[in-house]
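Hi,

Here is the structure I promised to pass along. Have a look at it first, and my notes follow underneath.

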Amino acid sequence: MDHEVILLDSNQGSNQHTYSIGEAAKMIGSTVKTIRYYDEIGLVHPSLHTEGGHRLYTPQDLWRLELITTLRYLNFGIPDIRKLMSGELGVSQALDLQIEALETQIGTLSSMLSILQQAKQHEAETPLHAGHSLSYVSSLVDSLTAHAKKRKQFVSAKMEESHLLDGIPQEWRVSFLHFFDKYLMKDTKMSAEQTMAWNEIQEIINDPGYFADLARLELPFFTMANHPQVEAEVWVKKMEEIRVRATEALSKQWPPDSPAVQGIVQDFVMLYASIEHTGDPEAFFRTQAQYMLDSVTERILRFNRLCMVVNPEWSEIVDGINLLQEGMRLRLQQMEED
């Protein structure tokens, strides 16, 4: 039978109320299964256990569980909740991200509602059998959905208009768009939410300010591509290796200051080094890493978040970049202290 237990907390030297998992579930309006799941994924562990191994939750544990329940109600994802509660993600930033996500969902629902209303009106004006009506709905969706061919044509035209890659050898142009083509140009039919995200991506790309941001951010790539030390295909292969290693580091939850992550950071930054930089790699790292960190703008961040909606696999790219950037900051800080 679930009941309140009073234990002596040796760290505080005072009686502390604890609650069974069943009581905790009732108090926060959740279920035992959900609370057990939060424990299993490391979101909230019970502070204590009975001699028989049953979970016991303190008032502080309950507060954390109730906070998670509130955030889930507001549609926060588990990864963002984890970052928020660990302090990796600031409250203001988390709220901004969630507001953006919900605004995207509102736009998606509005678009879907419009399609359904148009279809209903069409059905009322030209009553046909179900097959014709459903075909009309399908044609409406197809008119709004940007298939891979349309997306490629749009990006190609905008790249030409921007002159961003003028003077870059053709093989390096392909390398520049490698990850974008691999993840964002998949020949799959997009959902309504993905279509809304793609529409906003187009708005960003149509903004000349975005290409100015991109030109600044990718200056190290352009410099390297005009004086390459390796072939373009080899460089792409090395970048893919960096991505795989960063993904592994994330899956194993290696901290940014760990030797493994610092090794990835070093290899990533030095991919942009030329022969003249090999004499003083530390100086190059300091300059290059600081430039990379300083060149990220809100437009670039928003673009990446939208890409994650178009293809969730893009989150691996973004999460990997975030890990490497945090590793760069720690490394630069250590350099300053030394």
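I'd start with helix α14 (residues 259-270) and helix α17 (residues 314-337), whose axes cross at roughly 95° and come within 9 Å. That angle makes α14 roughly perpendicular to α17. Do keep in mind that this is a predicted model.

As for who touches whom, the α14 side contributes V261, Q262, I264, V265, Q266, F268 and V269, and these meet L323, L324, G327, M328 and R331 of α17. Sorted by class, the contact of α14 with α17 comes to 8 nonpolar, 3 polar and 1 charged residues.

Next, helix α3 (residues 59-73). I checked its length: with 15 residues at 1.5 Å a residue, α3 should span 21 Å, and its end C-alpha atoms are indeed 21 Å apart, so the two agree. Which residues of α3 are buried? They are D61, L62, L65, I68 and L71, so to speak a list with one Asp in it. After α3 comes N75, and its phi is positive, near 75°.

Last, a word on E298. You'll find E298 in helix α16 (residues 298-310). Is E298 buried or exposed? Its relative accessibility is 58%, and since the cut-off for exposed is over 50%, E298 counts as exposed. If you want to place E298 against another part of the chain, try Y210: the two are 88 residues apart along the chain, with 9.8 Å between their C-alpha atoms.

That's what I have for now. Shout if anything looks odd when you open the file.

Cheers

Conventions. Residues are numbered from 1 along each chain as its sequence is written. This is a predicted model: local features need pLDDT of at least 70, side-chain atom pairs count only at pLDDT 80 or more; totals for chains, interfaces and linings use all residues. Side-chain values use heavy atoms; hydrogens and water are left out. Helices (H or I, at least four residues) and strands (E, at least two) are DSSP runs, numbered from the N terminus. The expected span of a helix is 1.5 Å times one less than its number of residues. Buried means under 20% relative accessible area, exposed over 50%, partly exposed in between (1.4 Å probe, protein chains only). Axes are lines fitted to C-alpha atoms, for helices over the stretch in contact, and angles run from 0 to 180 degrees between N-to-C directions. Angles under 35 degrees count as roughly parallel, over 145 as roughly antiparallel, 65 to 115 as roughly perpendicular and the rest as oblique. Contact means heavy atoms within 4.5 Å. Ala, Val, Leu, Ile, Met, Phe, Trp, Tyr, Cys and Pro count as nonpolar, Asp, Glu, Lys and Arg as charged, and the others, Gly among them, as polar.
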